[in-house]
Amino acid sequence: MKTLTKNPINEIAPALLESWMRDYYFSTEIDIGSSGVENFSLTELYQLTNLTQEELKNVVFHDSSSLGSLQLRQAIASRWSNGNPEQVMVTHGSSEANFLIMNGLLNAGDEVVVLDPCYQQLFSIAESIGCQLKRWQLRCQNNFAPDIEEAKKLITPHTRMVIVNFPHNPTGTSLSQQEQNELIEAVAEVGAYLVWDAAFADIVYDGIPLPNPNLYYDRSISMGTFSKCYGLPGLRFGWCLASKEVLERFVHLRDYMTLHLSPMIELIAQRVVEKADNLLSIRLQQAHTNLDILSKWVEEHQEFVKWSRPQGGVCTFLGLRSISDSEAFCHHLANVYKVLLVPGTCFNHPSHVRFGFGGATSDLKEGLSRLSKALVTDF
Ligand SMILES: Cc1ncc(COP(=O)(O)O)c(C=O)c1O
């Protein structure tokens, strides 16, 4: 009789953050939990890009090509990579890229180095496949700063893949250029894949964004998205930069899943990539303004919270000084104050909360005011 083997995907852990969002994203009034900037409308896209209503009306819903249209891939390669469209695949958000990367390149028993804490998709898929995870700890006592020497110790000739995300969700910490170089060198020395989640790459507060590692290392695979820095999470658009051979594997997998993107999404994405700076500059300015407001609030509430100022992205990890159960606190905040905040339990840090400051400035101020009330009077 044939023995039944387990299907790894049936073993995958529930996605805690997505589940929290499912519960509260639509039932709250003020969002200070999400990790992206304020979202754009289609009308705003007409104004900020060369997209016209006429173009949308003329879209014919034919199939798109497996990797995405050449023109779109060219635009992405020119902006975020080495100009070579052959190394670009467009995806339904970076989540799809992540799923293809893990399932396309990992096998049970493979050794994988991952950040901890970290966005769950970046390790739970590998875990469900049966990989051996080695955690690169971002330690609370070090303000969650990544220690590159620790990473070097974890990377061995047995390492198949190193998965990182900088600027980092949820802490907002990042690497210096020198540290990124050292990481690439350490991964290249053992010939492992370097998975670089660049979801927040374009929003940094000091200096310039880190370059894409695929410019220096051919076994690097990186993901980008319009969901975080570009205010378009509902467009479900992202991309993956990797060698042609690696992308071929992903196409093979996607042939059984989503096949390709919609030509309408590709058209909108094309215009956005071409005018990306128009969107980014507005949200970058807002992020700076909001971060200043948040910094002042933290200073005034030191009795209740602690943090380390984020280096990039629009989220940060706030430590709650007198609350050990952030989940109970966040349930209370959502149900009583109608404010969405993410409990640190989604990242295995129960005394922290993920705070998102990328939204409308008026929402941020209102959210902080309600948060103050809850902290000062209820807990
Ligand atoms: C670090 C990181 N990577 C990837 C994603 C997935 O985003 P999307 O699929 O919308 O591009 C998220 C979403 O929160 C994230 O925080």
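Two residues are taken to be in contact if their C-beta atoms, placed from the backbone, lie within 7 Å. The views below show a predicted model, in which local features need pLDDT of at least 70, side-chain atom pairs count only at pLDDT 80 or more, and totals for chains, interfaces and linings use all residues. Residues are numbered from 1 along each chain as its sequence is written.

**Figure 1. The contact between domain 1 and domain 2.** Under this definition, 32 residues of domain 1 are in contact with 31 residues of domain 2. The elements giving two or more residues to the domain 1 side are α1 (16–24), α11 (276–300) and β10 (315–320); helices (H or I, at least four residues) and strands (E, at least two) are DSSP runs, numbered from the N terminus. Helix α11 supplies the largest share of that side, with seven residues. By class, the domain 1 side that touches domain 2 has 17 nonpolar, eleven polar and four charged residues. In this classification Ala, Val, Leu, Ile, Met, Phe, Trp, Tyr, Cys and Pro are nonpolar, Asp, Glu, Lys and Arg are charged, and the others, Gly among them, are polar. The assignment gives domain 1 as 10–41 + 278–374 and domain 2 as 54–275, with bounds that come from an automatic or database domain assignment. The centres of the two domains, taken over C-alpha atoms, are separated by 24 Å.

**Figure 2. The shell around the ligand.** The ligand is surrounded by 13 residues, of which the closest are Gly-93, Ser-94, Ser-95, Thr-225 and Ser-227; a residue is near the ligand if its C-beta atom, placed from the backbone, lies within 6 Å of it. Helix α5 (residues 93–105) provides the largest share of this shell, three residues. The shell comprises three nonpolar, nine polar and one charged residue.

**Figure 3. Strand β2 and its partner β8.** Val-88 and Val-90 point one way from strand β2 (residues 88–91), whereas Met-89 and Thr-91 point the other way, and all are buried. A residue is buried if 20 or more other C-beta atoms lie within 10 Å of its own, exposed if 12 or fewer, and partly exposed in between, with C-beta atoms placed from the backbone. Strand β8 (residues 238–241) runs antiparallel to β2 and is joined to it by four bridges. Within β8, Gly-238 stands opposite Thr-91.

**Figure 4. Helix α6 and its surroundings.** Helix α6 (residues 121–129) has buried residues at Leu-122, Phe-123, Ser-124, Ile-125, Ala-126 and Ile-129. Their cover includes α5 together with β3 (111–116), β4 (132–137), β5 (159–165) and β6 (193–197). Gly-130, just after α6, takes a positive phi of about 100°. In the loop between β3 and α6 lies Pro-117, and the peptide bond from Asp-116 to Pro-117 is cis, with omega near 5°.

**Figure 5. The open sheet of β9, β10, β13 and β12.** The four strands of this open sheet follow the order β9-β10-β13-β12, with antiparallel pairing; two strands pair if DSSP finds at least two bridges between them. Strands β9 (305–306) and β12 (342–343) are the edge strands, each pairing on one side only. Strand β10 pairs with β13 (residues 352–356) in the antiparallel sense over five bridges. The bridge partner of Cys-315 in β13 is Gly-356.

**Figure 6. Backbone geometry in three loops.** Most residues other than glycine have a negative phi, and most peptide bonds are trans. A cis peptide bond, with omega about 15°, joins Asn-169 and Pro-170; Pro-170 is placed in the loop between β5 and α8 (177–190). Leu-259, although not a glycine, has a positive phi of about 65°. Leu-259 belongs to the loop between α9 (244–254) and α10 (263–274), and it counts as exposed because it has 11 C-beta neighbours inside 10 Å. Lys-338, likewise not a glycine, has a positive phi of about 60° and is found in the loop between α12 (326–337) and β11 (339–340). Lys-338 is partly exposed because 14 other C-beta atoms lie within 10 Å.

**Figure 7. Lys-57 in helix α3.** Lys-57 lies in helix α3 (residues 53–57) and is exposed, as 7 other C-beta atoms lie within 10 Å. The C-alpha atoms of Lys-57 and Ala-192, 135 residues apart along the chain, are separated by 46 Å.
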